[in-house]
Amino acid sequence: MELPCAREVFTSIFKTGAVTKNCCAELKVLGKVCHDAFVKKTLEDPIYKNLSESAIAKKSTKTWNTCASVIDISPSSSA
């Protein structure tokens, strides 16, 4: 995944933003397992210790499912 798309995905989960169709395509190539691992690893960083894990999990699932609706990938309700 190119850095600009990684930033888009990060921002959509840990801040506020949207993921473009191009970046959704890159996320598809990365896959759900890597997407989930990225979120989990980020939450392990002390900088993000004050974030609500459940809120981040919801935003992560929303990001994945939004991309799934734009690009032909399976939606998932788990994060």
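**Helix 4, helix 3 and two salt bridges**

Let me start with helix 4, where K58, K62 and S69 are exposed, on the other side from the buried residues. Before going on, please note that this is a predicted model.

Which residues of helix 4 are buried? They are I56, S60, T61, T63, W64, C67 and A68. Looking down the axis of helix 4, you find these buried residues within an arc of 155°, so they line one face of the helix. That face has partners: the buried residues pack against helix 1, which is residues 3–14, helix 2, which is 21–30, and helix 3.

As for dimensions, helix 4 runs over residues 53–70, 18 residues in total. From the first C-alpha to the last it reaches 26 Å, close to the 26 Å expected at 1.5 Å a residue.

Now to helix 3, and one residue in it, V39. V39 is buried, and its relative accessible area is 7%. What does V39 touch, leaving aside residues up to four places away in sequence? The contacts are I13, F14, I56 and S60. Two of those names, I56 and S60, you have already heard among the buried residues of helix 4. Take I13 next: I13 and V39 are 26 residues apart along the chain, yet 8.3 Å separates their C-alpha atoms.

Next, charges. How many salt bridges does a search of the whole structure find? The search finds two. As background, side chains of opposite charge can pair when their charged atoms come close.

One salt bridge joins D36 to K32, with 2.7 Å between the closest N and O atoms. Both residues belong to helix 3, residues 32–44, and they sit four residues apart, about one turn of the helix. Are these two residues buried or exposed? D36 is partly exposed, at a relative accessible area of 22%. K32 has 17%, and it counts as buried because the cut-off for buried is under 20%.

The other salt bridge is between the side chains of K41 and E44, at 3.6 Å from N to O. This pair also lies in helix 3, three residues apart, again about one turn of the helix. K41 has a relative accessibility of 58% and counts as exposed.

Why does spacing of this kind suit a pair within a helix? An α-helix has 3.6 residues a turn, so residues three or four places apart point the same way.

To close, a short recap. Helix 4 packs its buried residues against helices 1, 2 and 3. Helix 3 holds the D36 and K32 pair, the K41 and E44 pair, and V39.

Key. Residues numbered from 1 in each chain as written. Predicted model: local features only at pLDDT ≥ 70, side-chain atom pairs only at ≥ 80, totals over all residues. Heavy atoms only, no water. Salt bridge = Lys/Arg side-chain N within 4 Å of Asp/Glu carboxyl O. Buried < 20%, exposed > 50% of the residue type's maximum accessible area, 1.4 Å probe, protein only. Expected span 1.5 Å × (residues − 1). Arc of directions from axis to C-beta. Contact = heavy atoms within 4.5 Å.
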